[in-house]
Amino acid sequence: ADAWEKALRPRQVEIFEHIAGEVLSSLGYPLRYGKSAQKMTIKERVISNVQEIMKREVINKARHWRRIKKGIATASKQRES
């Protein structure tokens, strides 16, 4: 239940609390930053978006190459049969 504490940086927790703080409070979760939680800055938003785009591109390329390898392997197995 506390794995998020190791996975998220303090700033990420603060941003999340800014977004979902009211819901978390109403559900009884303690907040670290409370009403002082600051929203994401423009710079942070740009960096986050670039990171997501790059991650998506890398993942998509890896999946693409995996499909190609499987296709080649499947085609060569079919020829052998």
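This is a short tour of a predicted model, moving from the overall fold to its salt bridges, its main pocket and a patch on its surface.

**The whole chain**

Start with everything shown as a cartoon. You should find three helices and zero strands, so the elements read α-α-α from the N terminus on. Now switch on the surface for the protein. The accessible area comes to about 7,400 Å², and carbon and sulfur atoms account for 59% of that area. Of the 81 residues, 10% count as buried. If you display contacts between residues at least 6 apart in sequence, 31% of them join residues at least 24 apart.

**Stop one: Glu-5 and Arg-32**

The structure holds four salt bridges, and the tour visits some of them. Select Glu-5 and Arg-32 first and show their side chains. They meet in a salt bridge, at 2.5 Å from N to O. Glu-5 sits in helix H1 (residues 4-7) and Arg-32 in the loop between H2 and H3, so this pair ties together parts that are 27 residues apart in sequence. Are these two residues buried, exposed or partly exposed? Glu-5 has 37% relative accessibility and counts as partly exposed. Arg-32 is also partly exposed, with a relative accessible area of 48%.

**Stop two: a salt-bridge network**

Next, select Arg-11, Glu-14 and Glu-44, which are linked in a network of salt bridges. Take the links one at a time.

- Begin with Glu-14 and Arg-11, whose side chains meet in a salt bridge of 3.0 Å, N to O. Both belong to helix H2, and being three residues apart there, they are separated by about one helical turn.
- Then turn to Glu-44 and Arg-11, where the closest N and O atoms of the salt bridge are 2.7 Å apart. Glu-44 lies in helix H3 and Arg-11 in helix H2, so this pair ties together parts that are 33 residues apart in sequence.

Colour the three by accessibility while they are selected. Arg-11 is partly exposed, with a relative accessible area of 23%, and Glu-44 is partly exposed too, at 25% relative accessibility. Why does Glu-14 count as buried? Its relative accessibility is 12%, and buried means under 20%.

**Stop three: around Glu-14**

Keep Glu-14 selected and stay with helix H2 (residues 10-26), where this residue has its place. Which residues does Glu-14 contact once its neighbours within four places in sequence are left aside? Add Tyr-33, Ser-36, Ala-37 and Gln-38 to the selection: these are the residues in contact with Glu-14.

**Stop four: the largest pocket**

Run your pocket display now and go to the largest pocket, which has about 310 Å³ of space. To see its lining, select Leu-8, Arg-9, Arg-11, Gln-12, Ile-15, Phe-16, Ile-19, Met-40, Glu-44, Ile-47, Ser-48 and Gln-51. Two names should be familiar from the network: Arg-11 and Glu-44 are among the lining residues, and they form a salt bridge with each other. Which helix supplies the largest share of the lining? Colour by element and look at H2, which brings five residues, the largest share. H2 and H3 each supply at least two residues of the lining.

**Last stop: a nonpolar patch**

Finally, return to the surface view and select Ile-42, Val-46, Val-50, Ile-53 and Met-54. Together they form a nonpolar patch on the surface, with about 480 Å² of accessible area. For orientation, pick Met-54 from this group and follow the cartoon: this residue is found in helix H3, which covers residues 42-80. Glu-44, from the salt-bridge network, lies in helix H3 as well.

Terms used:
Residues are numbered from 1 along each chain as its sequence is written. This is a predicted model: local features need pLDDT of at least 70, side-chain atom pairs count only at pLDDT 80 or more; totals for chains, interfaces and linings use all residues. Side-chain values use heavy atoms; hydrogens and water are left out. Patches are made of residues with over 30% relative accessible area and no salt bridge: like charges are joined within 9 Å, nonpolar side chains (Val, Leu, Ile, Met, Phe, Trp, Tyr) within 5 Å. Accessible areas come from the Shrake-Rupley method with a 1.4 Å probe; for residues, only the protein chains shown count as cover. Helices (H or I, at least four residues) and strands (E, at least two) are DSSP runs, numbered from the N terminus. Buried means under 20% relative accessible area, exposed over 50%, partly exposed in between (1.4 Å probe, protein chains only). Contact means heavy atoms within 4.5 Å. On a 1 Å grid over the protein atoms alone, a cavity is a set of points where a 1.4 Å probe fits but cannot get out, and a pocket is an open set with protein on both sides within 12 Å along at least five of seven lines; lining residues have an atom within 4 Å of a point. Grid points are joined across faces, edges and corners, and a volume is the space filled by probe spheres set on the points.
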